[in-house]
Amino acid sequence: MKNAFSINIIFLLLSIVGLVLIPRLPVQLYPHNTGNTVHVGYDWPGMGADVVEKEVTSRVEGALSSMRGITWVESESFDAYGTVRVSFEKSVDMDAARFEVSSIMRSLYPRLPEGLQRPRVSYTWGGGQDSPQLLVYTVNGEGSSISLKHYVDKHIIPHISPLGGISSVSTYGATAMQWELAYDKNVLQGYGLNEWQLSNAVRSYLERHHLGIAYIEKGKEELAINLTVGGQQAENLNWDDIIVAQTNDRIVRLTDVAVPRLKEQLPRSYFRVNGLSTIYLTVHTDKGANQVELAEEVKNVVKNLQPGFPPNFSLAVNYDASKEINQEVRKITSRAFLAMIILLVFVILVSRNWRYLLIIALSLVANLSVAVIFYYILEIEIHLYSLAGITVSLGMIIDNTIVMADHIRHNKNRKAFLAVLAATLTTMGAMVVIFFLKEQQRLNLIDFAIVLLINLMVSLAVSLFLVPALLDRIPLKPVQGRFLRRRKRRVIHLTRIYERFLLFGARHKTGFILVMVWAFGLPVFFLPDKLGEKEEQENNWSRQLYNETLGNTTYLSDVKPWVNRILGGSWYWFTSYQSANSGQHDRSRTRLYARGFMPDGSNIQQMNEVFLELENYLAAYPEIESFVTSIHNIDNGRLEITFVPEEENGAFPHLLKNELIRQANQIGSADFDIWGVGQGFSNNTQEGWFNNHIELRGYNYDLIMAEATMFKDTLLKHKRIEEVIIQTGNSWRGKPRYAFVMGLDAEKLEEVNGSLQDVYRELLFQSPREIRAAEVAGEEGVIPVFLREASSGQTTIWDMHNNMLTASGKAFRLKDVGFLMRERTGNLIRKENQEYLLVVQYDFLGPWELNNRVRKRNLEQLNERLPVGFTAHDKGGYSHWRKEESSQYWLLLVVIGVVFLLCAILFESFCSPWRLSRVFRWP
């Protein structure tokens, strides 16, 4: 072969370059892809979903909707927090889009209501942290939690943040302090004052007021000085100096009507590791950073700072991503290396030629080394999926090398490359389907596909150029003599066996098809246990026959499990495995999860007490490596349990799950979902699924709610409809929530010369809310000041109905002019492209045909009545749940089309691919 030496040298140099670039590849545990969506999250403690939507969400949506390249805007407003999701076209630079969203939010924040926390912008739901977590340190020391936080922020974080590749370093877990001014509403009213006058007096005393700017001359320069007054520091604060008002020739001071207390704020969320309430220092890295190297750098920085720590102060590593990365990379690398050794062993056993083995090994090393160059150029991250792609490609790479080496050895030409090219391109064409998957699936598998494509493309170059060059320098003698004759006899013998198998299959085609269908499985496990009136059954006798046979109790308990296993085939086992592990996102470690729910009237502190009981129970087991508790509200308390490596694949996780189930059943104040190991468990008493769902869309929330209420009243007039609820979210999303709704009689309210504003003001006096009055600056940061009524939280419904209210000098009770009724309400307001979404759900008692006719008639009447721009749609049934998943089956046709097109191009004929397809037919 001409230029064989040059080709070998070129591949040698490229291999050296690839080996040098290996340490420069970013190493992550999981792929970190941004997608095409930017999330904005914000918190406003103490506010309802309607207030959050009107005051914050609508403004945020309006500001972001003017951006270019937007395809979809969706928002959700909850009690005390909200989130906005903005999706962009695929051609948009997402880093630039995220920066623009951040800039818009920074300029909008000063115009948003007071008390709203600064919005968060990220690629993850709710505006959470979207950069990979590297390290979590537990901070231990003397003093309050807030003093420890300030020390870490001042003396440790500034040394870690400048490191290259670090995106953020933060502390959390500290309980902040607050000033609480507790007042008695009756005493305050006795002075002729209200809480707003009290709040204004506190704010006026504590806030810094700008007087103007003065100029002084210093030499030849003129300096500007800002003149301010007020703004008391926490160290010089004297509450007795605050004058609230002057009544009846008497000065009313703050201490006359309120009692100041410095206390810790009630936590709005909880986060603990192994049951310890400590301060946590978290370190996050940039996308594409090498987490293994960065972890070592951060640890070295902390080690160098340790001599200067105060007495009894320490930092302990609680979580180290680099440790898990090293374990997983070592595991996958050892498996890939073992697979490579097995393949090479088969090569030496078949060829019995060490030179042949050397050529295959050198080609494989060169292939992987050259592929590393492309990984580096394309910025491919090394993680679990990309390593899996490398492992999968090893067999295909060796196949290409062996085919070319054998053909050149026996025929002295490279004509076999066309067959190698056809086989490789069809395999690469099948990978195209990954680029058409849903966004989340595509983002997870994109690196896997790219790595596989790179390796296969490099294998084509290796097969075409390097293998002939190596054979030229390391020649192989063709097999001759008795070895050749033995080989030919074996080939003839195996060919005859294959021929007899094909003839046997042709004679018993039906039997082979039945065996294949049975091996794949029959969907008998999808048959329902019972058929009720809600199912689509026209005849009652067929439903009764089904329930007496396939719905019989004995059949369901004793026979059906075995029928599913025997007739379900591989389909049944795959479905069972998927359902058992659907909630476990991290398959690299065995983890057990528990999520708690509490009923209305509960608070996050009570939820915390429930989880403390579980943590005390788990602390007694040495088989548990760690358990992490995170509590955000009464609907979102989560416990994640990780086991020591020795117990992960044993019986202990299943035993612990059973013990957790027993503990959950004994806790009467909360319900639990437990999953992650074996079959999931739930004693959550959330309501069932309604068999009718009507979705209303419109651009005015009050108007669409009024229309939904009218539609609800219309439905309740039907004798077969008993319960109708108006739901803003999904009824299966959590426990049903209720609130007291006030109704007023306009005529009776007019009789007492009252108005809605009068009633609202008087009821607010009956049940005052906490008011954030001002802030005080101190050495340990800014301390908020809150006004709180002494009897806050003790008002009953009887008090609201029967306490005397006043309007225009007349006294009356709420029950005289209206009522308070407990109704099901949604704690969520959803919008899509600035359209509000409401769902009217109800159960219809009767045959499906009658239900369908009634639903269509009511839906037509509703659409005729709705204003322009408002629509109603039928969202009933279960079929719409999986439309997106089922629609992806067309991707199989895409794969077939790509393979057919490639074969037609390679064979220069549209008929040859059809002849090739006969290989896939059953004889």
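A residue counts as buried under 20% relative accessible area, as exposed over 50%, and as partly exposed in between. These classes are used below for single residues and for the chain as a whole. The structure described here is a predicted model.

**The chain as a whole**

The protein chain has 923 residues, of which 42% count as buried. Its secondary structure comprises 29 helices and 31 strands. About 51200 Å² of the chain is exposed, and carbon and sulfur atoms supply 57% of that area. Among contacts between residues at least 6 apart in sequence, 75% join residues at least 24 apart.

**A six-stranded sheet**

One open sheet is built from six strands in the order β13-β17-β18-β16-β19-β20, and the pairing is antiparallel. The edge strands, β13 (270-273) and β20 (681-682), each pair on one side only.

Within this sheet, β18 can be followed to two partners. Strand β16 (residues 591-597) runs antiparallel to β18 (residues 636-643), and six bridges join them. The antiparallel strands β17 and β18 are joined by eight bridges. They form a hairpin, with two residues between the strands.

Residue E640 of β18 appears in both pairings. E640 is the bridge partner of Y593, and E640 is also the bridge partner of V628.

A helix accompanies the sheet. Helix α19 (residues 604-618) lies across β13, β16, β17 (624-633), β18 and β19 (671-675). The helix runs at about 175° to β17.

**Aromatic rings**

The structure holds 13 aromatic pairs. Two of them share F512 and are set out here.

| Ring pair | Centre to centre | Angle between planes | Class |
|---|---|---|---|
| F501 and F512 | 6.1 Å | 80° | edge-to-face |
| F504 and F512 | 5.9 Å | 75° | edge-to-face |

Planes over 60 degrees apart count as edge-to-face. The planes of F504 and F512 stand at 75°, so this pair falls in that class.

What does the pair of F501 and F512 tie together? F501 belongs to helix α15 (residues 482-507) and F512 to helix α16 (residues 509-520), so the pair ties together parts that are eleven residues apart in sequence.

Are F501 and F504 buried, exposed or partly exposed? F501 has a relative accessibility of 45%, so it counts as partly exposed. F504, at 38% relative accessibility, counts as partly exposed too.

Elsewhere, ring pairs link Y617, Y621, F643 and F652 into a cluster. Y617 lies within the residue range of helix α19 (604-618), and F643 within that of strand β18 (636-643).

A charged residue also meets a ring in this model. R565 lies over the face of W562, at 5.2 Å from the ring centre.

**A buried serine**

S199 sits in helix α7 (residues 195-206). Is S199 buried or exposed? With a relative accessible area of 1%, S199 is buried. What does S199 touch, leaving aside its neighbours within four places in sequence? S199 is in contact with I771, A773 and L787.

Notes:
Residues numbered from 1 in each chain as written. Predicted model: local features only at pLDDT ≥ 70, side-chain atom pairs only at ≥ 80, totals over all residues. Heavy atoms only, no water. Pairing = 2+ DSSP bridges. Helix = DSSP H or I, 4+ residues; strand = E, 2+ residues; numbered from the N terminus. Contact = heavy atoms within 4.5 Å. Axes fitted to C-alpha atoms, helices over the stretch in contact; angles between N-to-C directions. Phe/Tyr/Trp six-rings, centres within 6.5 Å; stacked < 30°, edge-to-face > 60°. Buried < 20%, exposed > 50% of the residue type's maximum accessible area, 1.4 Å probe, protein only. Lys NZ or Arg CZ within 6 Å of the ring centre and 35° of its normal. Areas by Shrake-Rupley, 256 points an atom, 1.4 Å probe, with all protein chains shown as cover.
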